[in-house]
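Colleague: I'm still new to reading models like this. Could you pick a single helix and walk me through it slowly?

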Amino acid sequence: MAGPPLNPSPSPDLSDLQGLLRSGYTSLPHARFCLYTAAGRSSGRAFLAALHPIVTSAAEREVKVVTQVAMTASCLKQLSVSDDVIAQFPLEFLEGMATAERSVFLGDVGDQDPANWAWGGPGNPRVDLLVMTYAPSADRLEAACTQVDALAETHQLSMAGVLTTSPWSTEEPFGFRDGISQPRLDEFASTARRAQEGLFSAPRPVAIGEFVLGYPNEYGHLTERPMVLRASDPDRLLPDDPSGSGEADLGRNGTYLVLRTLRQSVDEFWAYARQASGGDPVAATALAAKMVGRWPSGAPLALASDQDRPELAQSNDFGYHAHDRLGLSCPIGAHIRRANPRDALDPRPGSAESLAVTDRHRLLRRGRNYGPVKDGGAPGNERGLQFIALVANLSRQFEFVQHTWLDSTKFDGLYEDVDPVTGTRGPGASTFTVPGTPFRNRYLDVPSFVTTRGGAYFFLPGIRALNYLANGP
């Protein structure tokens, strides 16, 4: 499935990118995501100015504590960014995740309506800033967060929420290896990473402009992003617009960050798998694997349809059309097949055109688990995922995947099926179909296993843009 290299893109200025674009910081197992509300222009700018020196760039590789900062549309208003500049941000970002129309579109209805959220909803404190801290130990994390909280208090920011995480794990809470199918970005690849891929060839590269603003995307264009008049940046804190407009590029080397707290009903997931499999634990694991599309080890069903093969745990360079067009190995509605259909969809399934379409809807994921690491936690303790995705286009990437692939009952010819793991259930949307010969199996009334508990859209600016926003136009 490896394809020809993309047309070369300008090398990104790693010193101007926040490090999260390059790394999920899995070597720093402890993390906390803190949400703040700014009191006004002076307090927000002063806080950003104090925070700017400790924000970690993508050029910094050997760091013990990492700090990243992102902001919502309401924060831009608090910082007194001019209306004409704010209007250049995408509508999805400006309106936010919790509007009534967007909630329906994203499947945030019923129990997971924003009115029921723990943060980010209409009844919760306004979220302006997100500060993400990563550290090698719980003690180092506590010390770093205490420093950030002190800066926030000094500059009159109030706490809107604290999102804790579990120590880093290669498994998500349901017990399946996670984080395997990430987009390949050659601009960030290292010799060590290529060696780690071992026997399995890497999947085709995706244009860096799909995730970093100011670079060509999969269409060969620069994604729209906010500009400011050069006169509004007399100290030339911002980079020039690479298109040659003469304006200063506020968006370049930034990205949009999607953050959603997703509660996972782990006990209910495995209880359903056992019940639907007649109580046979082996059959229950096989059914759960069909729902996910991978075995617990990470081995994809497309390559290991009958039993788990841990030696294939890191396999990611495979397609569906040539060998599993009907979904006999990996069901068409399985979670990983919906989230990344690879070469399965029109136009011309199995072709480079099909792969190119999928590449235009990829997500760079940086999430962390939260709650007890394994079973046995105190009753009522939530477990789940602080889901994080980085994208250059909220509508074409995150929202498209959520609405058109995960939550669609008509995905790739299905009927009444949504994603069996994360999909939003509703009338005519609670079936999971497993193709087979001579007959298929249809599992009816599949319950919900994932509930949204909070969410927001953020702008993760480049380091120079962060400095500009802290100093003001």
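Modeller: Let's take a close look at helix α9 and what surrounds it. This is a predicted model, where local features need pLDDT of at least 70, side-chain atom pairs count only at pLDDT 80 or more, and totals for chains, interfaces and linings use all residues. Residues are numbered from 1 along each chain as its sequence is written, and side-chain values use heavy atoms, with hydrogens and water left out.

Helices here are DSSP runs of H or I, at least four residues, and strands are runs of E, at least two, numbered from the N terminus. Helix α9 covers residues 281–292, which makes 12 residues. The expected span is 1.5 Å times one less than the number of residues, so α9 should span 16 Å, and its end C-alpha atoms are indeed 16 Å apart.

Start at the front end: a side-chain oxygen of Asp280 comes to within 3.0 Å of the backbone nitrogen of Val282. Further along, which residues of α9 are buried? They're Ala284, Leu287, Ala288, Ala289, Lys290, Met291 and Val292, where buried means under 20% relative accessible area (1.4 Å probe, protein chains only). As a rule, an α-helix has 3.6 residues a turn, so residues three or four places apart point the same way.

And what do the buried residues of α9 pack against? Two helices, α8 (266–276) and α11 (335–339), plus two strands, β11 (432–434) and β12 (441–443); contact means heavy atoms within 4.5 Å. Finally, just after α9, Gly293 takes a positive phi of about 100°.

Key:
Buried means under 20% relative accessible area, exposed over 50%, partly exposed in between (1.4 Å probe, protein chains only). A polar contact is a pair of N or O atoms within 3.5 Å; within protein, one must be able to donate a hydrogen and the other to accept it, and residues adjacent in sequence count only if both atoms are side-chain atoms.
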